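Please open the model in a viewer and keep the sequence panel in sight. The tour below proceeds by selection, with a short account of what is found at each stop.

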Amino acid sequence: MTIQNAGGEQIGQAAHNSLLLIGAHEPRAFLQCLGGEIQRVGLPSSGAEPPAAGSGSGSVNAPIAIQTIGSLVRKQPASMVSILPRLVETVVKSLDPHTPPLRDSCLKAATAVLHVLVKKYPMVSFHQESQRLAVGTHENHIIIYDLKTATRWHVLEGHKASVSAVSFNETGKFLASYSVIEGVVRIWQTGTGFFGFGGQPQTIKTYSVPRPDKPITVQMYLESVVLQWPSPSTLTLFRGWDTQLVFQLNETSSSSFSINH
């Protein structure tokens, strides 16, 4: 049903805002609903040809659903932290090269939302050259996606508490991760070059850092924790409640480093 009146735009905006309000309070149901709308394009009925990009309502609704997810992340990022891995998986699956109609219709919207995720969440990092996306989770591990194939590349295990921040260095050879609760920074060797050849990623250095002396809310660490590489061999950890820590990595072999702060 289409409502044709002068207030149509206002009605649409009100519905959009109501959906975001629901999403902030019931993020799992919100994501399940919109995720189903996105995947509808990539899952045609048995024996049916998938719709061409832009040819039907499914191809139109999928990018709108992704944009709506992005709107909630922009406005209420803390509400989505508990389901961040599922959120990322939903967006990444829309880029599956094996479902061209879905990928073609969602590419622009998905790219924009992934950019927002990297900006809003310190536990999400993207490496442009390798097209790898790393996501720290509340389940204590890190998921690395290959966006070229829209698949999980590796799952890194080693942290003993939820992962608060991750960051690729410039070359993509190393990934740093930090857990506020655990009070640990880890350096992972993710590959020997841009495309990550070199086998299973592994921890090459673990470093203990002071834990906060007061409870840190999700909103606080989203706004206060910054883990980044000013250079390929220098890592900085900024925490809004504490001083900045600087780690200088001196490569002495393919898997041996010394870290000073």
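## The whole chain

Begin with a cartoon view of the protein chain, which contains six helices and twelve strands. The model is a predicted one. Colouring by burial comes next: of the 261 residues, 47% count as buried. Among the contacts in the chain with a separation of 6 or more, 52% are accounted for by residues 24 or more positions apart.

## Helix α4 and its partner α5

Select α4, residues 84-93. Seven of its ten residues are buried, so α4 is largely enclosed by the rest of the structure. The buried residues of this helix are L84, P85, L87, V88, T90, V91 and V92.

Now add α5, residues 100-120. The axes of α4 and α5 come within 8 Å and cross at roughly 145°. To display the contact, show side chains for L84, L87, V88, V91 and K93 on α4, and for L102, A110, V113, L114 and L117 on α5. By class, this contact has nine nonpolar residues, one charged residue and no polar ones.

## The largest pocket

Keep α5 in view and turn to the largest pocket, whose volume is about 590 Å³. Its lining consists of 28 residues, and a centred view can be obtained by selecting L114, H115, V118, K119 and V124, which lie nearest the pocket centre. Which elements give two or more residues to this lining? They are α5, β1 (124-127), β5 (165-168), α6 (218-224) and β9 (225-231). The largest share, eight residues, comes from α5. Colouring the lining by class gives 16 nonpolar, seven polar and five charged residues.

L114 deserves a second look at this stop: it is among the residues nearest the centre of the largest pocket, and it also takes part in the contact of α5 with α4.

## W229 on strand β9

Next select W229, which is placed in strand β9, one of the elements that contribute to the lining of the largest pocket. Is W229 buried or exposed? At 11% relative accessibility, W229 counts as buried, since the limit for that class is under 20%. Leaving aside neighbours within four places in sequence, W229 is in contact with S167, F168, N169, F174, L175, A176, I187, T234, L235 and L249. Of these contacts, S167 merits a distance label: W229 and S167 are 62 residues apart in sequence, yet 7.5 Å apart in space, C-alpha to C-alpha.

## The second largest pocket

Return to α4 and add α2, residues 27-39. Each of these helices supplies at least two residues of the lining of the second largest pocket, which has a volume of about 170 Å³. The selection for the lining is R28, L31, Q32, G35, S82, I83, P85, R86, E89, T90, E139 and R152. These residues divide into three nonpolar, four polar and five charged. P85 and T90 belong to this lining and are also among the buried residues of α4.

## An aromatic pair

Show the rings of Y207 and F247. The chain has a count of one aromatic pair. The two ring centres are 5.4 Å apart and the planes stand at 75°, so the pair is edge-to-face. Distant parts of the chain are linked here, with Y207 in strand β8 (residues 202-208) and F247 in strand β11 (residues 245-253), 40 residues apart. F247 has a relative accessibility of 1% and counts as buried.

## Two loop residues and an exposed strand position

Most residues other than glycine have a negative phi. Select Q131, in the loop between β1 and β2 (132-136), where phi is positive at about 60°. Q131 is partly exposed, at 22% relative accessibility. Then select N140, in the loop between β2 and β3 (141-146); its phi is also positive, near 80°. N140 is partly exposed as well, with a relative accessible area of 25%.

The last stop is E157, in strand β4 (residues 151-157). E157 is exposed, with a relative accessible area of 63%. Apart from neighbours within four places in sequence, E157 is in contact with H141 and W188. A C-alpha to C-alpha label from E157 to I143 reads 9.1 Å, across 14 residues of sequence.

Conventions
Residues numbered from 1 in each chain as written. Predicted model: local features only at pLDDT ≥ 70, side-chain atom pairs only at ≥ 80, totals over all residues. Heavy atoms only, no water. 1 Å grid on protein atoms, 1.4 Å probe; cavity = no way out; pocket = protein on both sides within 12 Å on 5 of 7 lines; lining within 4 Å. Points joined across faces, edges and corners; volume = space filled by probe spheres on them. Helix = DSSP H or I, 4+ residues; strand = E, 2+ residues; numbered from the N terminus. Nonpolar A, V, L, I, M, F, W, Y, C, P; charged D, E, K, R; others polar. Axes fitted to C-alpha atoms, helices over the stretch in contact; angles between N-to-C directions. Contact = heavy atoms within 4.5 Å. Phe/Tyr/Trp six-rings, centres within 6.5 Å; stacked < 30°, edge-to-face > 60°. Buried < 20%, exposed > 50% of the residue type's maximum accessible area, 1.4 Å probe, protein only.
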